[in-house]
Amino acid sequence: MIKNPAEIQETLECILPQVQKPGRYTGGEFNQVVKDWGKTELKVALVFPDLYELGMSNLGLAILYDILNQRPDVLAERAFAPWSDMESRMRSSGTPLYSLETMHPLSSFDVIGFSLPYETLYTNTINLLDLSGIPVFSSERTSEHPLIVAGGHATYNPEPMAPFVDAFVIGEGEEIILEIIDAVKDWKGQGKSRRELLISLSSLWGIYVPALYKPNYGDDGVFIGIQVLEKKAPRQVVKRITAKLPPPTTRFIVPYIDTVHSRVPVEIMRGCTRGCRFCQAGMITRPVRERPVEEIIEAISQALDNTGFEEVGLLSLSSSDYTDILQLVQEVSKRFASRHLSISLPSLRIESFSVDLMDALKDARRSGFTLAPEAATERMREIINKPVTDQQLLDTCREIFSRGWHNIKLYFMIGHPAETMEDVKAIARLCKDVLQIGKQIIGGRAQVTAGVSTFVAKPHTPFQWVVCDTVDQIYAKQRYLKAALRGKGLKLNWNSPEDTMLEAWLSRGDRRMADVIYEAWRMGAKFDAWKEHFNYQIWIQAFEKTGLDPTFYTHRERPIDESFPWDHISTTVRKKFLTEDYLWSLQGKTRVDCRERCFACGILPTFADLRRENPGDTWQCPEVKSRKISTQDLELLNLESLPVLVKSSL
Amino acid sequence: MSETLTRIRIYFSKTASIRFTGHLDLQRTWERTFRRARLPIAFRQGFNPQARLNLALALPLGFTSQCEILDVWFENPVSISELETHLVPALPVGLEINRFQEVTLSEPALQTQIASAEYHITMDNQLPELQANCEKLLQSPSIIRQWKGKNYDLRPLILELRALPDSPAGKQCIFVHLAAREGATGRPEEVASALGISPDLTKVHRINLVFLNNE
């Protein structure tokens, strides 16, 4: 196998002209950071296990790259998944996966960090380890190999990837990434075993080392609990949070080739107070923390000067809920009016105020306005806790058309709990009603695009008990929608039911699912998020080979007191709260925005100290004044389930 | 606005990893470079405002060049010295300025002024009788080839072709001069193929763009 950068560079000269989009594989972009390899103590490769175009659009990766490279003793370089044409040439020429900055093989780094925002990257992760010449199983790696770390939203259920990853980062990476670096640096100097490194990492707040835990299953195959094999490892791994968001990253690499998002991304707020019951992001990113308007404006200004990007994305889970959103939008359009920018403001609520906001971004292209009612009946929107009335929805659409937009995109899901065919039919009816309004206002140019995905019950949400629709059920619902949403001005997008099944297996899997993933990869599964590559039959065969039943993960009724394979990963939103919220949903009971009233989800009791250290509007949770915990809080706290770390701070 | 509109011609080289950046992506790379330099590029009016930039002749993916030309329009007068101060630090690796020139607004579009282009094709492998093969090819009355499923005659597009005696880095090299008018553009890799050389085993470098009327 080729070992040094010069040899890799030479091979690339030959193979790059033969592959599609060679610009994915060259590096050398503006703002990439190249440090002296020989003089830098600790080397980190950051890997997004999908194409360059996706990875370069990922904000998390850009943030970690920036933070790591600011440290003089650390260098961070990037790697992405090569498309199959490139991979086959790399394999046949003996070229391992290499970093874009200096063309070093990944195996020569100290730490490799994989970004796993979604589950369909699992086979790619294994494939890239293999392409790097690194053993894919953690247990087969030695002190010679890099430490394999993974983080991102998908890792809130780390179990399906447990055998392949040395340490998972649960939660936000900004602070912990530096603590990992320090731990690895200490360990390197001491000549200790790899296991000792893993044990020391496991004591960091937010780190989960799966090798130190063993899942147990009952006779019926249902998960019954996790056993801690190492006494220093915490019984529960509490997610890491950054109590006060640091100023946004402003130094982004500027890709030469077109990527999914080529823009300055600025996270204006983290977390969401709305409590939609299907939404994993809303549950796991609590508490809500906002960045000050001035800080955002300053960051945009710097980032534009650093990159020359022509677009700015103001990102959050629910833009309309940012406290000073109108001021921010006005400030942005005033301050940067002369720069010919396009500003995107995704995730707006269904209310006419959202139209005002988009209007204030004067030069925003009037191509499409996106709303996500998620369900088409008021009944269903109450079940999922996204209570919007039909009237409110139709009024908002009327406002959108009358202010100059031609196309309204409406996002829905099918397969919600307690869904009937009436709820599905209502999707078509609602889209047609909206189109009718558009026709009245702007005539034949009006367009409605319905994006209908299928609900998957995600871990750590109030809906984590819910059974997934079967492939046949999904087909029947989609068949209806395809027939009903025909004609001029109507468009329908949907996901294939097989994609949904894979997403459900991978997101709900226990540690046994790792065997299925491994077998599927061995049979050629990779790029599962791409229809050019996704092969459902491979996955069915992988299940057969391992003797696991796919329907066990997707279609089994679960008792309300069932233990889940991810219960030892704590988002600090208590299971008791999730259970109650699920039961409420069955009665059609909703919760208001938790800025209006705290429902004691568990964040505050766990992070009381952090809240006290960050008073005022930094968090959108109520303030914690006294150091004494009230009896009500104590009741809410399930002390048994708290890790030592947090208990000692109370 | 039109009163202050300024048109500048930039002669530049394209090497290193940016050679794998295609025509449209290169245009965007230039736009971002001007934006980083805070230079007041002009925009075409319309639904989707586009920066006013014009590249002379697309350079195929993977080729390097020492003779690329770009016309850019600025909303306000920009001096050559301002360009030197602000633009150069904002350039990505692989783009290098050779010179700037102010151009009158009335001059016709850059693309319409190019007549032909000259290239060096360097071989990765040693090939026998290269010069003889070049001469033989030039003697053919026509060279029918296929491009994107259509037959065309390569021969009239070849203006000059010869093997170079002393080639850089001790590798064999040919010089080829090809027509580059709209609808009649010769491709160097097609010449290599016609000579029986696999284009994958060559490196192409553009050395000169020739203007109409021998400007």
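This report describes one sheet and one helix pair in chain A of a predicted model.

Local features need pLDDT of at least 70 and side-chain atom pairs count only at pLDDT 80 or more, while totals for chains, interfaces and linings use all residues. Residues are numbered from 1 along each chain as its sequence is written, chains are lettered from A and ligands numbered from 1 in the order in which they are written, and side-chain values use heavy atoms, with hydrogens and water left out.

**The sheet**

Four strands (DSSP runs of E, at least two residues, numbered from the N terminus) form an open sheet in the order β15-β16-β17-β18 of chain A, with parallel pairing (a pair needs at least two DSSP bridges). β15(A) and β18(A) are at the edges with a single partner strand each, so one side of each has no neighbour in the sheet. From one strand to the next the twist averages 20 degrees. Helix α13(A) packs on the sheet, touching β15(A), β16(A) and β17(A) (contact means heavy atoms within 4.5 Å). The direction of α13(A) makes about 175 degrees with that of β15(A) (angles run from 0 to 180 degrees between N-to-C directions, and axes are lines fitted to C-alpha atoms, for helices over the stretch in contact). Five bridges join β17(A) to β18(A), and Thr449(A) stands opposite Lys491(A) in β18(A).

**The helix pair**

Helices are DSSP runs of H or I, at least four residues.

| Helix pair | Residues | Angle | Axes apart |
|---|---|---|---|
| α5(A) and α17(A) | 122–131 and 513–522 | about 65 degrees | 9 Å |

In the contact, Tyr122(A), Thr123(A), Ile126(A), Asn127(A) and Asp130(A) of α5(A) meet Ile517(A), Tyr518(A) and Trp521(A) of α17(A).
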